[in-house]
Amino acid sequence: MKFALVTLGCDKNTVDSERYLAQLLDHGAVRVHDVEEAELIVVNTCGFIDAAKAESIDAIVQATRLKVDGAAQAVVAVGCMVERHRDELAAAIPEVDLFLGASEMDQLVPRLRERGLIGDPVTQHPGVRIYAGDTAHVRYLKISEGCDHGCAFCAIPLMRGRHRSFSLDDLVREAQLLELQGAREVSLVAQDLAHYGRDRRDGVRLPELLEALVHETSISWFRNLYLYSAGITPRLLEVIAREPRILRYLDMPIQHASDAMLERMRRPERKRTIREKVARFRDAVPGLAIRTTCIVGFPGETDDDFAELLEFLEEMRFERVGAFTYSAQDGTHAAQLADDVPEGVKRDRLERLTERQRAITAERYESRVGSRVRALVERRAEIAGEGRAAAAVQGRTGAVARLPWQADDIDGVTWLDADAAAGAFVEVEVTDVVDDYDFRAHVLSVVDAPAPAPRTARSRVLPLATVGSYGR
């Protein structure tokens, strides 16, 4: 059976898809990258906001059309959106052969076998992940599932369930597996990294996990994505400041800065606390880069509330800010509130915030010009798929890399003036800022080249493959 896997949504979904991919390969299925050639199409959906839902529905519909116009014999929809809206999806798109929610990861293979779509296992390596993209040197490690926070706008607990942390031993083994597959940078992901370990009785928290990952692997960079500021402790900051392989980078959502809005959003902290904590974080970890997230147009947001948010962003000078317009999610507390901010006002506020932060980011980035730092090479230079010639026109003739304060896919890139292999680390001098969010840099030296990746991870990590219960 030839299959294609379509992944939508966040990095946590990417991790889930890598597990699905390994399960299917272990049962003799053959992966193809062109969905038009696939006999089985699996769509891993996202249900976070309305735009993500629309994208998921469109992907499912496109897949079902290939049952008529292509080679597809079966279409399977899995993931977060299915967890919340299975009945509605089944009624609206009956052409889908199987729906499985995010809590049913272990059911994909048995249900496909029942339908005769895949055979008996060819190999048995539970927990193995097979990289689904093109750059195996950048990977994600999901350290927990679900969320216990009660933010008014968020449906994640309804899709992913209560928070539960994975064991330190399993996570270290999985990181070792990723290293054997060629990972040079591993980003830790969860709904709230700082909540890690609170549900366990072994005394292990995020600082201890980070120390174990550093000591038990040779992975060069570890990055922390998405932590509530309330859980960022002095001990965690001490570990980040001490360990050079843990990047001085925090992805810390604040969502707003007006106390009235923070209360309505059911957020755990207020503006004064956030201000004080950011100052402490920066004092404890010199050179720390902080990315945050904000929502505009939440029910009840006034012009004054929004102005207060803009003023706070000016004051805090975050390196990057991701911003979104509010959309009501079924089942959340906020869905009971009147969505009283017009869509036009939401879009206008989003544009104003984005432009304000663009200037702040450019100023913050200008302060990095002249610094010497290590960069991770992503690929050879190109512009919008137009190839090396187009890149050369704009003086971008070397390789594309990322600096420690540039997270994969969300924080821009750095254009180098020399070629280097993907996955290599190079020492560079930052020369200027490009297009507000990117840099140009001069390559001083190649620090280390990537080690050749093994033919298959499973040929070398059988003792480590003991994490098959993840995601349940």
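The legends below describe close-up views of a predicted model.

**View 1. Overview of the protein chain in the predicted model.** The protein chain contains 13 helices and 18 strands, and of its 472 residues 54% count as buried. Among the contacts that join residues at least 6 apart in sequence, 74% are between residues at least 24 apart.

**View 2. An open sheet of 5 strands with helices packed on it.** The strands follow the order β2-β1-β3-β4-β5, and their pairing is parallel. The edge strands, each of which pairs on one side only, are β2 (30–31) and β5 (98–101). Strand β4, made up of residues 74–79, pairs with β5 in the parallel sense over 4 bridges, and within this pairing alanine 77 has phenylalanine 99 of β5 as its bridge partner. Helix α2 (residues 50–69) lies across β3 (40–45) and β4, and runs at about 175° to β3. Helix α3 (residues 80–92) also packs on the sheet, where it touches β3, β4 and β5, and its direction makes about 145° with that of β5.

**View 3. Strand β6 and its pairing with β9.** All 5 of the 5 residues of strand β6 (residues 138–142) are buried, so this strand is largely enclosed by the rest of the structure. The side facing one way carries Val138, Tyr140 and Lys142, whereas Arg139 and Leu141 point the other way, and all of these residues are buried. Strands β6 and β9 pair in the parallel sense over 5 bridges, and lysine 142 stands opposite valine 189 in β9.

**View 4. Surroundings of alanine 183, in the loop between α6 (168–180) and β9 (185–189).** Alanine 183 counts as buried, because its relative accessibility is 4% and the cut-off for burial is under 20%. Leaving aside residues up to four places away in sequence, alanine 183 touches Ala136, His137, Arg139, Leu178 and Ile219. One of these contacts, arginine 139, is 44 residues apart from alanine 183 along the chain, yet the C-alpha atoms of the two residues are separated by 6.2 Å.

**View 5. Lysine 277 in helix α10.** With a relative accessible area of 13%, lysine 277 is buried. When residues up to four places away in sequence are not counted, the residues that lysine 277 touches are Ser229, Ala230 and Glu269. Serine 229 and lysine 277 are 48 residues apart in sequence, while in space they are 7.4 Å apart, C-alpha to C-alpha.

**View 6. Packing of helix α10 (residues 271–284) with helix α11 (residues 303–316).** The axes of these helices come within 12 Å and cross at roughly 15°, and α10 and α11 are therefore roughly parallel to each other. Their crossing is right-handed. On the α10 side the contact involves Lys271, Ile274, Arg275, Val278 and Arg282, which meet Glu308, Phe312, Glu315 and Met316 in α11. The residues of this contact divide into 4 nonpolar, no polar and 5 charged.

**View 7. Packing of α11 with helix α12 (residues 343–366).** Here the two helices pack at an angle of about 15°, with their axes 10 Å apart, and α11 and α12 are therefore roughly parallel to each other. The crossing in which α11 passes α12 is right-handed. From α11, the residues Asp303, Phe306, Leu309, Leu310, Leu313 and Glu314 meet Arg349, Arg352, Leu353, Arg356, Gln357 and Ile360 in α12. The residues of the contact of α11 with α12 divide into 6 nonpolar, 1 polar and 5 charged.

**View 8. Positive phi at tyrosine 226 and at arginine 317.** Tyrosine 226 lies in the loop between β10 (221–224) and α8 (234–242), and its phi is positive, at about 75°, although tyrosine 226 is not a glycine. This tyrosine counts as partly exposed, at 25% relative accessibility. Arginine 317 is found in the loop between α11 and β13 (320–325), and has a positive phi of about 55° although arginine 317 is likewise not a glycine. Arginine 317 is buried, with a relative accessible area of 18%.

Methods. Residues are numbered from 1 along each chain as its sequence is written. This is a predicted model: local features need pLDDT of at least 70, side-chain atom pairs count only at pLDDT 80 or more; totals for chains, interfaces and linings use all residues. Side-chain values use heavy atoms; hydrogens and water are left out. Axes are lines fitted to C-alpha atoms, for helices over the stretch in contact, and angles run from 0 to 180 degrees between N-to-C directions. Angles under 35 degrees count as roughly parallel, over 145 as roughly antiparallel, 65 to 115 as roughly perpendicular and the rest as oblique. A crossing is left-handed if the near helix is turned anticlockwise from the far one by less than a right angle, and right-handed if clockwise. Contact means heavy atoms within 4.5 Å. Ala, Val, Leu, Ile, Met, Phe, Trp, Tyr, Cys and Pro count as nonpolar, Asp, Glu, Lys and Arg as charged, and the others, Gly among them, as polar. Two strands pair if DSSP finds at least two bridges between them. Buried means under 20% relative accessible area, exposed over 50%, partly exposed in between (1.4 Å probe, protein chains only).
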